[in-house]
Amino acid sequence: MKKNVWLLAIGLIAVALAPSCKPKGAQSAITGDAASKVYVAPGTHDEFYNIVSGGFNGQMSVVGLPSGRVFKILPVFSVHPENGWGFSEETKPMLNTSHGFVPWDDLHHIAISMTNAEHDARWAFGNANNTPRIARVDLTSFKTVEILEIPNSAGNHSSPFITQNTEYVVAGTRFSVPVGENSDVSIDSYKENFKGYISFIGVDPKTGDMDLSFQIEAPPFNFDLARAGKNKSHGWFFFSTYNTEMAHTLLEVNASQKDKDFIMAVNWKKAEEYVKAGKGKKVKAKYAHNKMNEETHTATSTIMEEVLVLDPTELKDIVYFIPCPKSPHGTDTDPSGEYIVGSGKLAAVIPVFSFTKMLAAIENKDFEGDVNGMPVLKYESVLHGEVEKPGLGPLHTEFDGKGFAYTSMFVSSEIVKWNIETLEVVDRVPTYYSVGHLMIPGGPTGKPHGKYMVAYNKITKDRYLPTGPELTQSAQLYDISGDKMQLLLDFPTIGEPHYAEAFPAALIKDKQVKFYPLEKNNHPYALKGVADARVERKGNEIHVYMTSIRSNFRPDNIEGVNVGDVVYFHVTNLEQDWDVPHGFSIKGANTAEILIMPGETSTYKWTPDRPGVFPFYCTDFCSALHQEMQGYLRVSPKGVNTPLKYSTGEAQ
Amino acid sequence: MKPLSLFNRILILIAALTIIPSYFTPLWQISLWAPQYPEGLNMKIWIDHLSGNVDQINGVNHYIGMRHIGDEMFPEFCFLIYVIGGLIAMGLAAFVIGRRWSLYGFFALIALFGMGVLVDMYRWGYQYGHNLDPKAAIKVEGMSYQPPLIGYKELLNFLAYSGPDTGSWILIGGACLLILAIVRDKMEKSIPLTK
């Protein structure tokens, strides 16, 4: 009996100990009062706007920090049936390219406009990865107002990073490709025929209008990411490269052979001088430049014909290569501009380069070789030092403005905090799971707001209620105001976020457009009041000049349309009040709805395919009588002469 | 009749001058708040025009059949500038005359004007609130929408406020100066000045 009790006791202890034998993994609990730090009381506002790339959804999302709440999905490169982006006649030209209308893209990175290396938050730039483009979003209207296609580029990944006064937005090509008239070449001839183009897009300091100023013809590497120099390194740009092996097949292996690839340092001030001196060469290239006019509410697309190219093998002292271990992904400059951090995703260390040493090495011709005549600097001469044992798979680095850097580690699924001067690792926190980009508000600028940090992860697994095979992407918010990083919040995101930027809400929240003044509406089909509502026939085109105001459309009874006609509803929202959009859609339309903002005119194209009476209605719940906001359009068979007739809403 | 003291005459002058801002400042305001309008809708009535969220108020009010508010709704806008001008002239005259009857007379004019404005506002508010389109979408049995004359009033989902605006407040200040002048004048009369 006594023996049995002992055995039972031993057994129980063994069972109790068994789970604790397994080493602890990345399962850290929330400590302290995290909830109150992310609680934004009802009716109060978040402290930061977080503009988050949507990755494969081709959009941006607007998120508040610290709450993690999503305020808006902002369509950029992808059509958005929710508000008619890419469906209305006015917005279709925004998605035009040299390949025609492209309804989707992959938006990876955000750049918020800067002045003196600080966010001014006038515009947000985003890149299209697949069909290379750069978009500019106006942050007073949260609307995409300009899209510029990038010629000679493929896989616009190293983009849209900007200089400290938004002088330039860059676009480096991920895929090197053959360019020009003879691009039908054997893929085997990669080394001879392929080029890696880097584009510098000038930004008008007043209007924000973009212009492809010049391109640099670089060797056929893969350009991955970039960051402008700032403050003391203002005037330089740093591009990470991989596949300096110049492989064109099975890159997984063939582009991972060298111990070191390069960070390409570009002296863009010097390049600017060469452009001014007429050293560029004009090359034929087709690319679309699309602009939204906020007074006509209409976009135009212009196909450009040529681009200015600089050849750095002839024009010395523009391009230098810094050896960087191994297949660097992120290249980031610290707030002072002195340090350049290369995150070699297959490397065991994080190398930190010194801008001062780089200039000295150039001065002293401290070269270890060259690439087609462009100098390769000596690694040791440029190196400030290496962060030892930081973790596995370093990808990106952000800064807190207090002397620390934070590097995301994809493979070991953590963020590592280290001292920029001493290169010592001072803290690490797990992420859930496999963090890609990380972001500190103002992190890439000269003046970071070192209060919060967000990890945007690639793998979600068990973090939320499961939703079948396809899951949301997870993000974590950390408090970085103290010595130790503290996990505060775990929140789902839209699309697949890559990079994001955040800035204080106070920069823009009082500058928001609330409606478009009707008197400034110069749309050719705009109506300024209900009196002019009408229907006109031009051949087989029917133009409906329509008004919408709570809660009616004028006209709302239309007859005299035939099968074979094309109907254009030009709907003007006459409201002059905030938050009163009206929507429009008609039965059987092969497009989407349109949402018309107050004071805006938007055009909905519809081709009736059969006779009948087709209802249309307001799709945005606008008022108490929203359900009454509707109308009918009669379609007669082809050849039947039903007189054109419309009523403008007289009470019966 | 007895001449006024110099001080009281100056009070009359100041009171007359306080009418001048009526030309440059709003005289009356009407504000509306609703759950959907936390920031409020505000309409200001000036000497000869309206300003503020008049279009939004019209947009909201058409559901209950209220008339479209516009400058043409106020015939007062055609003659108010002359009435106010006349008041200023009378004030200046009272100052120049400087007799007790001129002070009393001017005060009486101002008081009459003030009452006239209130009566007129009430009349307009009554019309606006009761004279509803029979085809209105929303009809609430027995409900009328007369805005408050002065102060707050709840009208369906709206809280309405009506009251004087900058110009009127300055004018009321001027009227108070006249009262002060009258009181001073009375005291000078009842307490004979001794040497």
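What follows is a short conversation about the nonpolar cores and one strand of this predicted model.

Guide: Residues are numbered from 1 along each chain as its sequence is written, and chains are lettered from A in the order in which they are written. In this predicted model, local features need pLDDT of at least 70, side-chain atom pairs count only at pLDDT 80 or more, and totals for chains, interfaces and linings use all residues.

Visitor: What makes a set of residues a nonpolar core, and which have the most contacts inside the largest one?

Guide: The name is given to buried Ala, Val, Leu, Ile, Met, Phe, Trp, Tyr and Cys residues joined through C-beta atoms within 7 Å, where buried means that 20 or more other C-beta atoms lie within 10 Å of the residue's own, with C-beta atoms placed from the backbone. The largest such core has 163 residues, and those with the most contacts inside it include V169(A), I201(A) and V266(A).

Visitor: How do you know where this core lies with respect to domain 1 and domain 2 of chain A?

Guide: Domain 1 (49-507) and domain 2 (523-647), with bounds from an automatic or database assignment, both give residues to this core, so it lies between them.

Visitor: Why is strand β11 of chain A called largely enclosed?

Guide: In this strand (a DSSP run of E, at least two residues), which covers residues 196-203, 7 of the 8 residues are buried, so the rest of the structure largely encloses it.

Visitor: What makes β11(A) and β12(A) a pair?

Guide: Pairing requires that DSSP finds at least two bridges between the strands, and 8 bridges join these antiparallel strands, so by that definition they pair. One of the bridge partnerships is that of I201(A) with L212(A) in β12(A).

How values were computed:
Buried ≥ 20, exposed ≤ 12 C-beta atoms within 10 Å, placed from the backbone. Helix = DSSP H or I, 4+ residues; strand = E, 2+ residues; numbered from the N terminus.
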